[in-house]
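Thanks for coming. I'll put the structure on the screen, and then we can go through it piece by piece.

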Amino acid sequence: MFDLSLENCRVDRDLTVNIGVDDGKIVQISRGRIDASERIDLKGYFVLPGLIDSHVHFRDPGLEYKEDFRTGSMAAAHGGFATVLDMPNTVPPTDNAAEFQRKIRIGERKSVVDFGLHAGFRSVSDVKGILRFMPASFKVFMDLTGISAVDGLFRELKALSAPVPVTVHCENRDVVMESMKELKDMSDPSVYALARPPLAEEVSVAEVLALSLHHEHPVHICHLSTVKSLQLVEPFRDYVTCEVTPHHLMLDSGAFRRFGTVVKTNPPLRPPESRIYPEFLDRINVIGTDHAPHGIEEKRKGVWDAPPGIPNLEVVLKLLLTLVSKGRMSLYTIRRMLAEEPARIFGLRSKGRISEGMDADFTVVDLKETGSISSDDFYSKAHYTPFEGFSYTGTPVMTMVRGRVVMRDGEVLEGNGRYIPAEHDSKPETSGSEVDLS
Ligand SMILES: NC(=O)N[C@@H](CC(=O)O)C(=O)O
Ligand SMILES: [Zn+2]
Ligand SMILES: [Zn+2]
């Protein structure tokens, strides 16, 4: 007798199964009846593996007025995510063993969903100590760090035979400084798109590709935002993976006219001729929200003083399911880019697929429910979005983390998220997408 049976789970276009859950794990997948003490009937919904957002900023510790691990993880559960990977640019940064362990404790105390952590990089001497905690990656901001320092990180990871990916924010510092010069006295928010032009990203992507090729070490490029960056990355698929954000997928630099500095983000929204469109998704590995909450009052400062970043955890799945309803992308693409690929790239061995032995993480969606996005419903502290009022078709109705319902019908319940150590191996295996039927 298992703890739970999820019944009538439509897990693929034409495949409906029952799923047995015991002790937080998927223990049986079958068409027949499963004996369990509790049953949940999911007839009429579509059941995805528990989705993973590999790019969030929960601002904890140090910037809790913007977000903290509790409100951020509740936003994740509300948005349909069972696992998140948090970024290291907190105060202080998560760039040494002590801070890394401290953030694990913060997450274990506050998070309602499971979480992994990207480590920051300040000094080669901290790398070995951080590796003990099995980080998802080492994150580097190329607009803040010089090439030789980043080269040192690759050398140290190789010396320690640690195939932990280097995750990169690609904007070249020199190009940004040069571009800013002639724009500094201007105040129209749309100049921000010119201050950090596509060339800044493309030059930085090229530098990172050279480092990855030279060291034969995996690299993951965050928030890739131009077609030319995508063309650069394409020949390097065996070592390099990349991510696109919902805002770079759905908006262009024209959004500045409507939303001003609320849509100021790094890298900036791009002009129509250089941006990424949903039709390019099959060339990209991961959709990451880059959930980057700030106080609404600081977001309303001038173009040079407002902090960059857009919160997306509670809108991204509605946006993507609406694209599915319009035939512009498939549910399979959501499963690949928000579950299978993040789990593979970041070594989350127990997550990302519906098969026996995996964690019982599920994201259940209603493909037909319609509505319009309202930041009043957000659990995040950031009650604003450029997608306010967006009419969606399709929404998450349940989020389950290791067999525990943490969101049902839009209401977030109590949860007890766990730290998920990353288990990287040097051979990035292909992402299996079929449901293993026993
Ligand atoms: N994307 C942003 O504009 N801001 C992010 C940092 C980052 O991801 O670069 C943030 O932490 O606010
Ligand atoms: Zn970034
Ligand atoms: Zn980010």
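I'll start at ligand 1, where one of its oxygen atoms sits 3.4 Å from a polar backbone atom of glycine 309. How much of ligand 1 does the protein bury? On its own, ligand 1 exposes 310 Å², and the protein buries 93% of that. Before I go further, please keep in mind that this is a predicted model.

Glycine 309 is one neighbour; there are others to look at. Around ligand 1 there are 14 residues, and those that come nearest are Arg59, Asn89, His169, Asn266 and Asp290. For arginine 59, a polar side-chain atom lies 2.8 Å from an oxygen atom of ligand 1. For asparagine 266, a polar backbone atom is 2.7 Å from an oxygen atom of ligand 1.

Two of those names, His169 and Asp290, come back when we turn to the metals.

Take the zinc ion that is ligand 3. Which residues of the protein act as its donors? They are His55 and His57, each through NE2, and Asp290 through OD, at 2.0 to 2.2 Å from the zinc ion (ligand 3). Along the chain, these donors follow the spacing H-x1-H-x232-D. That spacing spans distant parts of the chain: histidine 55 is in strand S6, residues 51-56, while aspartate 290 is in the loop between strand S13 (286-287) and helix H11 (296-299), 235 residues apart. Histidine 55 and aspartate 290 are both buried. The site of the zinc ion (ligand 3) has four donor atoms with angles of 86 to 137° among them, and it is irregular. The upper angle matters here, because a tetrahedral site needs all angles between 85 and 135 degrees.

The other zinc ion is ligand 2. Its protein donors are His169, through ND1, and His223, through NE2, both 2.1 Å from the zinc ion (ligand 2). Histidine 169 belongs to strand S10, residues 166-169, and histidine 223 to the loop between strand S11 (219-221) and helix H8 (227-233), so this pair ties together parts 54 residues apart in sequence. Are these two histidines buried or exposed? Histidine 169 has a relative accessible area of 4% and is therefore buried. Histidine 223 is at 3%, so it counts as buried too. The four donor atoms around the zinc ion (ligand 2) subtend angles of 55 to 138°, which makes this arrangement irregular. How far apart are the zinc ion (ligand 2) and the zinc ion (ligand 3)? They are 3.7 Å apart.

Staying in the loop between S13 and H11, we find histidine 291. Its relative accessible area is 1%, so histidine 291 is buried. The side chain of histidine 291 makes a polar contact at 2.9 Å with the side chain of glutamate 67. It also reaches the backbone nitrogen of asparagine 312, at 3.2 Å.

Now the salt bridges. How many are there in the whole structure? A search finds 26. I'll show three.

In one of them, aspartate 68 pairs with lysine 381, with 3.4 Å between the closest N and O atoms. Aspartate 68 is in the loop between S6 and helix H1 (69-79), and lysine 381 is in the loop between strand S14 (362-372) and strand S15 (391-401), 313 residues apart. Aspartate 68 has 13% relative accessibility, so it counts as buried. Lysine 381, at 35%, counts as partly exposed.

In another, the side chains of aspartate 114 and arginine 402 meet at 2.7 Å, N to O. Aspartate 114 lies in strand S8, residues 114-119, and arginine 402 in the loop between S15 and strand S16 (404-408), so parts 288 residues apart in sequence are tied together. Aspartate 114 and arginine 402 are both buried. They also take part in a network of salt bridges that links Lys25, Asp114, Lys351, Asp359, Asp361 and Arg402.

The last one joins glutamate 423 and arginine 349, whose closest N and O atoms are 3.8 Å apart. Glutamate 423 is in the segment after strand S17 (411-412), and arginine 349 is in the loop between helix H13 (331-345) and S14, 74 residues away. Glutamate 423 is partly exposed, at 37% relative accessible area, and arginine 349 is partly exposed as well, at 45%.

That is what I had. Thank you.

Methods:
Residues are numbered from 1 along each chain as its sequence is written. Chains are lettered from A and ligands numbered from 1 in the order in which they are written. This is a predicted model: local features need pLDDT of at least 70, side-chain atom pairs count only at pLDDT 80 or more; totals for chains, interfaces and linings use all residues. Side-chain values use heavy atoms; hydrogens and water are left out. Donors are N, O and S atoms within 2.8 Å of the metal (3.2 Å for Na, K and Ca); water is not among the atoms, so sites may look incomplete. Four donors count as tetrahedral if all angles lie between 85 and 135 degrees; four count as square planar and six as octahedral if opposite donors are over 155 degrees apart and all others between 65 and 115; anything else is irregular. Helices (H or I, at least four residues) and strands (E, at least two) are DSSP runs, numbered from the N terminus. Buried means under 20% relative accessible area, exposed over 50%, partly exposed in between (1.4 Å probe, protein chains only). A residue is near a molecule or strand if one of its heavy atoms lies within 4 Å of it. A polar contact is a pair of N or O atoms within 3.5 Å; within protein, one must be able to donate a hydrogen and the other to accept it, and residues adjacent in sequence count only if both atoms are side-chain atoms. Accessible areas come from the Shrake-Rupley method with a 1.4 Å probe; for residues, only the protein chains shown count as cover. A salt bridge is a side-chain nitrogen of Lys or Arg within 4 Å of a carboxyl oxygen of Asp or Glu.
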